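Thanks for asking me to take a look at this one with you. Please open the sequence and the structure side by side, and then we can walk through them together.

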Amino acid sequence: MIAMPRQNLPDSQRIVITGVGLTAPNGNNWTDFRDSLLNARSGVSKYEIRYVGETLAGICDFDVKRYQSKKDARRGTRAGSVGVYSANEAVMHSGLDWENIDKSRVGIYIGVTEHGNVETENEIYELKGFDYDTQFWSHHHNPRTVANNPAGEIALNMGITGPHYTIGAACAAGNAGLIQGAQMLRLDDCDVALAGGVSESIHTFGIFASFKSQGALATHEDPTRASRPFDVQRNGIVVAEGGCIYVLERLEDAKRRGATIYGELVGYAINTDATDFVLPNPERQAECVRLALRRAGLAAEQIDIVSTHATGTGLGDIQECTALRNVFGQCEQTYVNNAKSFIGHAMGAAGALELAGNLASFDDGVCHPTINVDELDPECSLPGLVMNQPREIGKPKYVLNNSFGMLGINSVVIIERI
Amino acid sequence: MSPADIRDEILNILEDIAPDEDLGDLKDEVAFREQLELDSMDFLDIVMELRKRHRVQVPEEDYGQLASMQSTVTYLTPLMKDLQKA
């Protein structure tokens, strides 16, 4: 079922964003993150991890103890801490009367690229010191590595008794979390959805080593210049950690409590390439974008900003640009940008973070750029690509956010300023 | 290790597994659970740390011996008396 056209939807089926909580490598709240995106502040720095050695990463420096006891942080996971911080920030930002709302009517839907690698690697590393005698294997391993861990830690921390789970969707997960939250609100499974994505991926050497073996791990003598989607000199991905969680509500509920509304989720789509484990398929990506547009009842030229997924790999960027040219090639007023050029690839958080970076344009009327484009790859040329400097475009009406992942998962969301 | 050394070692372990707690006022004769926010996973941490740091095995049927600092030190003294203080 295609649950549209959205113009006919009652307020009980319209889903709006009423709070944003995040931590990015260049900002620990929405305002600071946006400020960094408008002032070319990178969040990428030198980083060292076992076995791989010196590399680069987007590292967050949020205050773990702001919302979590030392003991809970120790017992839990980094993804859990990222989630707890982001969720608390989102709820605070939303102005919800948190003490008095029914926690059994709050749902938690958190996108993750992967989960459990960090703890498993750490345990095996420790176990090596005990000659692989498994009596030294931690009893914390299972609660830390179950796939719902990051969402469950949020529930424990905030006393939420509604549904909680993660959505495993590779690097499309941030959008997927948001979409899941919206769907559950429409199904009346909850009244408030905490939805988005988190990543702890910089703490697993396996991610770095695998990208390196694939020839897809970025290197540059200046860490801030390493993540450079669309540039001819791009040479791979900078892995980042981060989190971004939205408070979603039905429009009728948001209106009733007089909430500030930061945008309405008017269209979304998830589809699958079904062609390759790693290599994206531009035809399927374009189909995903078109499906989201159709569900939103929009023509391509009505989109003001396209937030790209591009990660800085040789072929991946070209594939996405091919897809975008297919859909937006004739759209002269559609601007295109990329946030990974600032922070690297925040994996499960990427889609949600990148959307937040652009939603602020509803307020300030500026399209943030993609940075580090010294020489544009002709194969990545798009008419509206905003490079290196922010551009005043007037308050946009629609932002379209791409987020794609391995095994050919594509996700698109469209947010309207209302 | 003397009983005093063992007590210090348990305090070190507790500092790691209960980092939010003030251990300065810990009463040795009162159960840990009555003074600290410790659950079953935390007690398993004490058992695991003794195993990791000192190769001391506490069988499950003896977990009750770790109820308070006093009972823990009493229980561990014969098991750790021949160990060197780190």
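Here are my notes, point by point.

1. A word before we start: this is a predicted model. Please keep that in mind for everything below.

2. Let's begin with chain A and its secondary structure. Chain A contains 14 helices together with 15 strands. You may like to colour it by element before reading on.

3. How does the radius of gyration of chain A fit a compact globule of 418 residues? Such a globule would come out near 22 Å, and chain A has 20 Å, so the two agree. If you lay the C-alpha trace of chain A along its principal axes, it spans about 65 × 55 × 40 Å.

4. Now for the inside of chain A. Of its 418 residues, 56% are buried. Among contacts in chain A with a separation of 6 or more, 80% join residues that are 24 or more positions apart.

5. One helix of chain A is worth a pause: α7, covering residues 173-186. Its 14 residues reach 20 Å from the first C-alpha to the last, close to the 20 Å expected at 1.5 Å a residue.

6. Is α7 of chain A mostly covered or mostly open? It is mostly covered, with 12 of the 14 residues buried. The buried ones include A:A173, A:G174 and A:N175 at the beginning of the list, and A:M184 and A:L185 at its end. Glycines appear there too, among them A:G177 and A:G181. After the helix comes A:D188, which has a positive phi, near 65 degrees.

7. Over to chain B, where the elements are quickly listed. Chain B has four helices and zero strands, and its pattern along the sequence reads α-α-α-α.

8. The globule check can be repeated for chain B. With 86 residues, a compact globule would have a radius of gyration near 12 Å, and chain B agrees because its value is 12 Å. Its C-alpha trace spans about 30 × 25 × 20 Å along the principal axes.

9. As for burial in chain B, 20% of its 86 residues count as buried. Residues 24 or more positions apart supply 58% of the chain B contacts that have a separation of 6 or more.

10. Finally, where the two chains meet: how many residues of each chain are in contact with the other? Eight residues of chain A touch eight residues of chain B. On the chain A side, these divide into four polar, three charged and one nonpolar.

Conventions. Residues are numbered from 1 along each chain as its sequence is written. Chains are lettered from A and ligands numbered from 1 in the order in which they are written. This is a predicted model: local features need pLDDT of at least 70, side-chain atom pairs count only at pLDDT 80 or more; totals for chains, interfaces and linings use all residues. Two residues are in contact if their C-beta atoms, placed from the backbone, lie within 7 Å. Ala, Val, Leu, Ile, Met, Phe, Trp, Tyr, Cys and Pro count as nonpolar, Asp, Glu, Lys and Arg as charged, and the others, Gly among them, as polar. Helices (H or I, at least four residues) and strands (E, at least two) are DSSP runs, numbered from the N terminus. The expected span of a helix is 1.5 Å times one less than its number of residues. A residue is buried if 20 or more other C-beta atoms lie within 10 Å of its own, exposed if 12 or fewer, and partly exposed in between; C-beta atoms are placed from the backbone. The radius of gyration is taken over C-alpha atoms; the globule rule is 2.2 Å times the number of residues to the power 0.38.
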